[in-house]
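Got the structure open in your viewer? Let's take a short walk through it, one selection at a time.

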Amino acid sequence: MAHPLDPLTSDEFRTTTALLHREHGVGAGWRYCSIEGLEPAKSELDAYAASGEVPDRIVEALCLEQKTNRTFRARVNLSAEAVALFEHVPGVQANFTVDEWEEADAALRAHPDVIAALERRGITDMSLVFMDTWTYGDAVMPEQWKDRRIGWSDTWVRAAAGANPYAGPVNGLHCVIDVNTMELLDIEDTHTISRPEVMGEYVPRHVPDRLKGHRPERKPLQITQPEGIGFVVDGHQISWQNWTMRIGFNHREGMTIQAVTYTDAGRVRPIAHKLSFAEMIVPYRDPSVDHFRRTAFDIGEWGLGFMTQSLELGCDCLGEIRYLDAVMHDSAGEPYTITNAICLHEEDSAIGWKHVDHGDDGTGNEVGAEVRRQRRFVVSFHVTVANYEYIVYWRFYEDGNIECEVRATGIMVVTHIEEGQAHPHGTLVDHRTYAPHHQHFMVARLDLEPDGRSNTVYRSETAVDPISAENPHGLGLRQVNTPIETEGHDDFRWESQRAWKVVNDGSLNGLGTPVGYKLVPTGAIPSFFDPAAPVLQRAQVIGHTVWVTPHDAEERWPSGEFVTQSKDDHGLPEWIRQERSTVDTDLVLWYVFGIHHITRPEDWPVMPADIVSFWLKPVSFFDRNPSLDVQPTATSTSCCGTDSCTCQH
């Protein structure tokens, strides 16, 4: 039976577009920038859980009328088979679509002026050329075309068919294109750089023999579960040990984790309503002519769902795997299936807890070691955004911890330079080739509900007691917890090891302490922007580590709903001006973290995964170690290397 939080099906996509075509003529000459099933209100989900009352199935679509360059918001009630809303949203640009990106590449490569510009550089085989269209921010848009839906292009050329296009930048050549009409508006031809001899290949058939065969052959590494998987998949609901959750998926956030609970001694306890990524901002920190426009909002301008890739057993996921497919749509509104979009599996996670004691156990035997190996349940998906890949893992542990890890891999943007030319904003990674420094800011939207929705965020940090008669050796330290009583932002402090706890003061554990979950902020990075910088003005969220707001179903996107060609941040900075109370209420914690990528030769020609993560840890949520009841692992030669293994009982 379908659940109100389930993602849209192919039939629901088709019903939505059929109703909008019938009622408002959305068809030829239009693009569907996005179609998304809206989540029911929390009160409606409560009613569904209590009585089975099914809320209406509401779909929101952003429709672009290409001829007039107007964006319309539609809301369709699938339960009533009716269009409830169809309104023009003035002064905005919706997200770009994959179809526009592909069509712009084809249009530019076929344009005689582009062909002529490349011929002047000695490039004549257009099948090797790739025109990569990026979106603009308002500050760097050509003034005369600010009323259009435009993109700017990088130009890349492969050394051979199937070779890496990103190894062949055509510096100084950028096109401006109207993506509604696919009209070439301008060719910005500023300079030329001769192509140096570089080794920018990673596909084995293109890698020179001199770089192969220097590593001993890998031995097989097999992961098996002879008795099958230890989790249950029921549609989009997953149960593993004491954890349950629902897996969602949409065009913008991609995979989401919803309705997270933990069964504690038979009591089902809510932990999170929804865990997801709300924005990803990638500014390049090179003001040169080839890079000053290069800032991407990978979620708001493009959408992680549209960029999600199918996964393969043995390569992307290892072990006893179950997959979930995802359904997306093209810009005509036609649905398509991403096979194996989401990977589900268990992993061994080394030692969970251990102690070696000494003496007699009362039966004449040595006490020895007590060990439990730890397992974790992993939900993951992979996204390709042009040259970069992002791999997202949500990991759930037996001890109640939740870890989110993001791996960035793929190929760096590079630029050729003259021999000896300075490159202060990047690192030399190949002959006469540098990669500009840049940053990857990710914004996690954490709608936590430890034992319910009445919560307060506490800033939690360590203070050192001064040396005194009571503290003569300077040993004393205390943990200071300060409630954040009004919505706003806060910043990480290394000196005090600042973290943030979402606490339900109305729910006490067995020790009489309020229960909560703590955000452990690893990977927090400063923006390194001047306050007046246009990038920071349209992405003020990256200026602070955390933001706290009351839950509002309409407040989903931290830099605003429409970030394409934006000038100002219409998200969190505007919301917090309401100065709403954040005490004992339904809250959202927004966490900004990421990768400060100072490029290096070792990242070229394909980047080893750069890893960043954060943790959500129970703090007084349980009375004691919740993994105390984890079963011991059977002894085996694989454990200790002998037949008389005594390291586990």
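We'll begin with a hollow: the second largest cavity holds about 30 Å³ of space. Keep in mind that this is a predicted model. To find the spot, select Leu62, Gln93, Ala94, Asn95, Arg252, Gly300, Glu561, Phe562, Val563 and Thr564, which line this second largest cavity. Colour them by class and you'll get four nonpolar, four polar and two charged residues.

How many cavities of 30 Å³ or more does the structure hold? Two. So much for the small talk; on to the largest cavity, with about 70 Å³ of space. Of the 13 residues lining the largest cavity, pick Asp154, Pro169, Asn171, His174 and Arg294, the closest to its centre. Now select residues 150-157: that's strand 6, and it gives the largest share of this lining, three residues. By class, the lining of the largest cavity is made of five nonpolar, five polar and three charged residues.

Next stop, a sheet. Show strands 1 to 4 and you'll see an open sheet of four strands in the order 1-2-3-4, paired antiparallel. Its edges are strand 1 (30-37) and strand 4 (82-89), each pairing on one side only. On average, neighbouring strands here are turned by 20° against each other, direction ignored.

Zoom in on strand 3 (residues 70-77): seven bridges join it to the antiparallel strand 4. Click threonine 71 and look across to valine 89 in strand 4, which stands opposite.

Last, select residues 10-24. This is helix 1, lying across strand 1, strand 2 (58-65), strand 3 and strand 4. Helix 1 runs at about 70° to strand 4.

Conventions. Residues numbered from 1 in each chain as written. Predicted model: local features only at pLDDT ≥ 70, side-chain atom pairs only at ≥ 80, totals over all residues. Heavy atoms only, no water. Pairing = 2+ DSSP bridges. Helix = DSSP H or I, 4+ residues; strand = E, 2+ residues; numbered from the N terminus. Axes fitted to C-alpha atoms, helices over the stretch in contact; angles between N-to-C directions. Contact = heavy atoms within 4.5 Å. 1 Å grid on protein atoms, 1.4 Å probe; cavity = no way out; pocket = protein on both sides within 12 Å on 5 of 7 lines; lining within 4 Å. Points joined across faces, edges and corners; volume = space filled by probe spheres on them. Nonpolar A, V, L, I, M, F, W, Y, C, P; charged D, E, K, R; others polar.
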